[in-house]
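Biologist: Could you take a close look at one part of this model for me? I would like to hear about the helix in the middle of your notes and the loop that comes after, with a word on the charged surface too.

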Amino acid sequence: LGRFISLLDTVTNLKKDNRRGLYNPVAAMAAEGATDGDLREILLGLMGEAAAAWERLPLLRDAEIPRSILYAGIWKQLPAMK
C-alpha cells in the first residue's frame, strides 16, 4: 500500500513538479518510454498486492471501512490518465 501511495503521489504532483523544475520519478519513467497505461498497470499491480494481503488478515470487526478504501476510495485520488 505504501508503494501505491508513493507512486500515486508522484503522479498527482507531476505537473507541479515539472513547473517547479523538481525531480519526479514519473517524469523520469516517461522519459524512458513509460506510458500512462504502463503507470496504470503498475498502480493496479501494487493495489492488487495490497488488497490480497488485506484479505488474508483475520479481521471481522469494522472491516468494511478499510475494504471500501482499498477497493474504491483510493482510486478517487487518481487523476485522469489518458
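Modeller: Happy to; what follows goes from a helix to a loop and then to a patch of charge. Please keep in mind that this is a predicted model.

Let us begin with Ile42, which sits in helix H4. Its relative accessibility is 35%, so Ile42 counts as partly exposed, since that class lies between the cut-offs of 20% and 50%. Leaving aside residues up to four places away in sequence, Ile42 touches Leu7 and Met29. Ala31 makes a useful distance check for Ile42: the two are 11 residues apart in sequence, and their C-alpha atoms are 16 Å apart in space.

Next comes the loop. Helix H4 spans 36-56 and helix H5 spans 64-71, and Asp62 is found in the loop between them. The backbone deserves your attention here, as Asp62 has a positive phi of about 55 degrees without being a glycine. Most residues other than glycine have a negative phi. As for its surroundings, Asp62 has a relative accessible area of 54% and is therefore exposed, the cut-off for that class being over 50%.

Finally, the charged surface. Lys15, Lys16, Arg19 and Arg20 form a positive surface patch. One of these, Arg20, has its place in helix H2, which covers residues 14-20. With a relative accessible area of 59%, Arg20 is exposed.

Definitions and conventions: Residues are numbered from 1 along each chain as its sequence is written. This is a predicted model: local features need pLDDT of at least 70, side-chain atom pairs count only at pLDDT 80 or more; totals for chains, interfaces and linings use all residues. Side-chain values use heavy atoms; hydrogens and water are left out. Helices (H or I, at least four residues) and strands (E, at least two) are DSSP runs, numbered from the N terminus. Buried means under 20% relative accessible area, exposed over 50%, partly exposed in between (1.4 Å probe, protein chains only). Contact means heavy atoms within 4.5 Å. Patches are made of residues with over 30% relative accessible area and no salt bridge: like charges are joined within 9 Å, nonpolar side chains (Val, Leu, Ile, Met, Phe, Trp, Tyr) within 5 Å. Accessible areas come from the Shrake-Rupley method with a 1.4 Å probe; for residues, only the protein chains shown count as cover. A salt bridge is a side-chain nitrogen of Lys or Arg within 4 Å of a carboxyl oxygen of Asp or Glu. Lys and Arg count as positive and Asp and Glu as negative; His and the chain ends are not counted. The place of a charge is taken as NZ of Lys, CZ of Arg, CG of Asp or CD of Glu.
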